[in-house]
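Biologist: I've got this model open on my screen and I'd like a close look at one part of it. Could you pick a sheet and the helix that goes with it, and walk me through how they sit together?

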Amino acid sequence: MASVSGQPQFRYTQPPSKVLHLRNLPWECTEEELIELGKPFGKVVSTKCNVGANKNQAFIEFADLNQAIAMISYYASSSEPAQVRGKTVYLQYSNRQEIVNNKTNADVAGNVLLVTIEGSDARLVSIDVLHLVFSAFGFVHKITTFEKTAGFQALVQFSDAETASSAKNALDGRCIPSYLLPDHMGPCTLRITYSAHTDLSVKFQSHRSRDYTNPYLPVAPSAIDGSSQMTVGLDGKKLEPESNVLLASIENMQYAVSLDVLHMVFSAFGPVQKIAMFDKNGGVQALIQYPDVQTAMVAKEALEGHCIYDGGFCKLHISFSRHTVLNIKVNNDRSRDYTVPNVPVANTQPSILGQLPSQMAGAPAQQYAGMPYMPSPSQPTMHQSTAGWGSGQVPQSMPMQAPNTMPPYGHPGAVPFQMGPGVMQMQNQNGFPNPGASNPYHQDRPQ
DNA sequence: AGCACA
């Protein structure tokens with residue numbers, strides 16, 4: 001088809017335009033270089049670099065047509081050609097009247113981040129892990145994930161641009177801590193830019209999108225509790241239906257795990273309503289009831305495969321239960337309803353290990369008080385921030401973060417990412433990862 | 001060295 005003017009584009013007879021087309025630029029010429037080139041003739045209001053297959057073309061748009069004419073006229077009669085980095089640049093009027101503003105908003109800070117997860121196993125990164133990672137910087141409103149040519153990506157919505165930029169500054173280019181990822185997963189690097197979005201549209205809670213501001217949002221059919229249908233994840237792996245009740249089995253139980261220990265461990269993620277322990281297949285299992293699915297999901301994500309005690313002892317395996325409401329008839333050393341204050345408590349003397357704080361000994365059954373029991377600084381400071389965690393805790397407070405302090409990733413000198421293998425290191429109160437052997441949440445090391 | 005992209 002003939003061009004609009006009916007004339008070939010490479011004639012000198014193109015009508016003037018505020019936009020100039022530049023050719024023969026050095027590879028990956030920057031916007032700054034283009035502005036520098038046009039500045040003597042007027043105000044450059046927009047540029048577009050790295051155009052064309054060789055990325056050696058560009059456009060610059062002046063505020064006024066006369067400025068563009070001035071530049072063309074100057075170089076038309078100049079003995080010195082326009083140059084960038086010593087390379088002659090050829091100029092002509094563009095056949096368009098303005099640069100379409102397709103510049104990525106990558107430089108404009110917004111409250112929504114576009115996160116690209118790099119790595120061969122990027123697709124295996126769950127939305128819950130992303131939630132965990134980004135929640136360290138503030139309340140995460142919504143997350144959506146999708147796959148594009150760029151790979152596996154997520155949009156993460158914060159309340160404001162300040163929070164988003166603190167997360168971006170701290171996380172861009174970093175790897176997701178290995179202890180948050182399933183075993184044998186390669187490193188997953190985060191590349192973060194700002195998105196032009198300000199409010200994501202999340203219709204369902206699902207394995208690919210979440211709205212943490214609306215706990216009543218319908219759950220995607222694939223995740224409805226009771227459907228007992230296995231759903232299939234992105235990786236084709238079977239996923240259990242999500243539930244507010246977790247089934248924890250304890251492997252390699254060298255030490256007795258008491259009800260109180262479980263309560264302490266699971267309370268770190270939100271209010272534990274009920275716990276029921278029982279024996280099955282020669283091992284101990286427990287059902288742990290949270291008020292909502294999201295809290296359970298975060299707890300499951302964080303605790304799965306980790307050990308309550310050092311040395312690979314009492315390794316937790318966690319799945320979603322098909323139950324949604326536990327029926328606790330009596331409070332004793334194996335079952336407890338923390339939502340009912342006045343149920344008589346059977347006298348229990350939990351077996352306490354030396355590693356456990358002395359305060360734990362004989363700890364009375366206590367109603368959930370909004371604050372997870374923090375026996376030592378090396379305990380993980382895990383607090384859930386999703387709706388439904390109605391304690392007085394700082395809502396932004398999340399795992400691996402000292403409450404009310406700078407996010408650990410931003411802490412100078414802190415090296416929470418790309419840490420050594422194996423150990424599930426938690427941030428302690430000073431914001432540094434705690435490599436100490438007293439940390440109760442150690443991941444098994446295969447060797 | 002010859003007109004762009006989500």
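**A sheet and its helix**

Modeller: Let's start with one pair of strands: β8, residues 140–148, runs antiparallel to β11, and the two are joined over 3 bridges. Within that pairing, I143 sits opposite R210 of β11. Keep in mind that this is a predicted model.

Now zoom out to the whole sheet. It's an open one with 5 strands, in the order β10-β7-β9-β8-β11, and the pairing is antiparallel. The edges are taken by β10 (189–194) and β11 (209–211); each has a single partner strand, so one side of each has no neighbour in the sheet. From one strand to the next, the twist averages 20°. As general background, strands of a sheet pair through backbone hydrogen bonds, in either a parallel or an antiparallel way.

Next comes the helix. α3 packs on this sheet and touches β7 (112–118), β8, β9 (151–158), β10 and β11. Its direction makes about 130° with that of β8.

Two residues are worth clicking on here. Take D128 to begin with, which is found in α3 (residues 127–135). Is D128 buried or exposed? D128 counts as buried because its relative accessible area is 8%, and the cut-off for buried is under 20%. Leaving aside neighbours within four places in sequence, D128 is in contact with R210, M297 and E301. You've met R210 already: that's the β11 residue opposite I143.

The other one is F134. Again leaving out neighbours within four places in sequence, F134 is in contact with L113, V115, V140, V156, F158, A167, L171, L190 and I192. F134 also belongs to the largest nonpolar core, which has 65 residues; together with V125, I176 and F266, F134 is among those touching the most other members. Another core lies apart from that one, with 20 residues, including L22, V44, I60 and M71.

To put this corner in context, chain A as a whole has 6 helices and 22 strands. Of its 447 residues, 49% are buried. The chain exposes about 21,300 Å², and carbon and sulfur atoms supply 52% of that. As for how the chain folds back on itself, take the contacts with a separation of 6 or more: 66% of them are between residues 24 or more positions apart.

Notes:
Residues numbered from 1 in each chain as written. Chains lettered and ligands numbered in written order. Predicted model: local features only at pLDDT ≥ 70, side-chain atom pairs only at ≥ 80, totals over all residues. Heavy atoms only, no water. Helix = DSSP H or I, 4+ residues; strand = E, 2+ residues; numbered from the N terminus. Buried < 20%, exposed > 50% of the residue type's maximum accessible area, 1.4 Å probe, protein only. Contact = heavy atoms within 4.5 Å. Areas by Shrake-Rupley, 256 points an atom, 1.4 Å probe, with all protein chains shown as cover. Pairing = 2+ DSSP bridges. Axes fitted to C-alpha atoms, helices over the stretch in contact; angles between N-to-C directions. Core = buried A, V, L, I, M, F, W, Y, C linked by side-chain atoms within 4.5 Å.
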